[in-house]
Amino acid sequence: MIRVLLAEDMHMIRAALGALLRLESDIELVAEVVRGDEIVPAALRTRPDVAVLDIDLPGVDGITASVELRERLPDCRVLILTAMGQPGQVRRALAEGIQAFLVKDAPGDHLADAIRRTARGLRVLDPELVATAIEYGASPLTPREATVLREAAKGAPAEEIAGRLHLSTGTVRNYLTSAITKTGARNKIDAVRIAEDVGWI
């Protein structure tokens with residue numbers, strides 16, 4: 001019997017996933033949580049073999065939770081679920097040693113099979129996700145451009161960013177212009193979106 005912890009904050013999706021898993025004779029759903037910061041305490045109580053974690057959770061995201069889970073409960077393997085399939089998330093998950101990564105719109109029977117494969121210590125990676133992550137590759141942004149773009153992502157104007165980073169406003173604008181060019185964006189907002197989607201900031 002494979003003991004599974006499920007972390008998903010969308011109630012209908014969690015109920016649907018739970019219902020699918022309860023149909024499997026070799027899978028036992030031992031815990032369900034809605035927040036990332038509930039994962040480790042629930043896992044320590046229930047000792048699952050596999051933790052199925054949504055990547056975007058309130059409190060703590062699924063990848064961050066998986067790192068703590070590996071430290072506290074090394075025998076528990078992690079399967080990350082995502083609705084987005086952002087290349088940056090895939091690269092980050094791989095860098096953190098996550099073995100299994102599945103998109104939520106995969107057919108229902110893929111989840112149970114992915115859990116079984118994860119429990120056996122096998123890699124479960126959607127080929128399209130991996131291909132996209134490789135395609136986008138490393139960030140073209142310099143560390144300073146990435147820092148300025150991260151500040152812009154918070155909604156800060158150039159003057160405020162300049163004050164925080166001890167730069168002139170003109171220098172900040174130059175970094176933003178360069179980041180827009182390198183990401184192939186139309187404007188600052190588009191540059192932030194592109195860079196976040198592919199994991200460059």
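Is Thr46 buried or exposed? Thr46 counts as buried, at 16% relative accessibility. Keep in mind that this is a predicted model.

## Thr46 in helix 2

Let's stay with Thr46 for a moment. This residue is found in helix 2, which covers residues 39-46. The 16% figure falls under the 20% cut-off for buried, so Thr46 gets that label.

What does the Thr46 side chain pair with? A polar atom of the side chain lies 2.8 Å from the backbone oxygen of Ala42. Setting aside residues up to four places away in sequence, Thr46 touches Arg3, Leu5, Val30 and Ala31.

## Arg22 in helix 1

Now for a residue on the other side of the cut-offs. Arg22 lies in helix 1, residues 11-22. Its relative accessibility is 53%, and exposed means over 50%, so Arg22 counts as exposed.

Exposed or not, Arg22 does have partners: once neighbours within four places in sequence are left aside, Arg22 is in contact with Leu29 and Glu32. Leu5, which also turns up in the list of residues that Thr46 touches, is 17 residues from Arg22 in sequence, and the C-alpha to C-alpha distance for that pair is 12 Å.

## Helix 8 and its buried face

Which residues of helix 8 are buried? In this helix, residues 158-165, they are Ala158, Ile161, Ala162 and Leu165. Looking down the axis of helix 8, you'd see these buried residues fall within an arc of 100°, so they line one face of the helix. The general background is simple: an α-helix has 3.6 residues a turn, so residues three or four places apart point the same way.

And what covers those buried residues? The cover includes helix 7 (143-153) and helix 9 (169-183). Right after helix 8 comes His166, with a positive phi, near 55°.

## Ala152 in helix 7

Helix 7, part of that cover, is where Ala152 sits. Is Ala152 buried or exposed? Ala152 has a relative accessible area of 9%, and buried means under 20%, so Ala152 is buried.

Its contacts tie this back to helix 8. Leaving out neighbours within four places in sequence, Ala152 is in contact with Ile161, Leu176, Lys188 and Val192. Ile161 is one of the buried residues of helix 8. As for Ile189, 37 residues separate it from Ala152 in sequence, while the two are 8.2 Å apart in space, C-alpha to C-alpha.

How values were computed: Residues numbered from 1 in each chain as written. Predicted model: local features only at pLDDT ≥ 70, side-chain atom pairs only at ≥ 80, totals over all residues. Heavy atoms only, no water. Buried < 20%, exposed > 50% of the residue type's maximum accessible area, 1.4 Å probe, protein only. Helix = DSSP H or I, 4+ residues; strand = E, 2+ residues; numbered from the N terminus. Arc of directions from axis to C-beta. Contact = heavy atoms within 4.5 Å. Polar contact = N/O pair within 3.5 Å; in protein donor to acceptor, adjacent residues only side chain to side chain.
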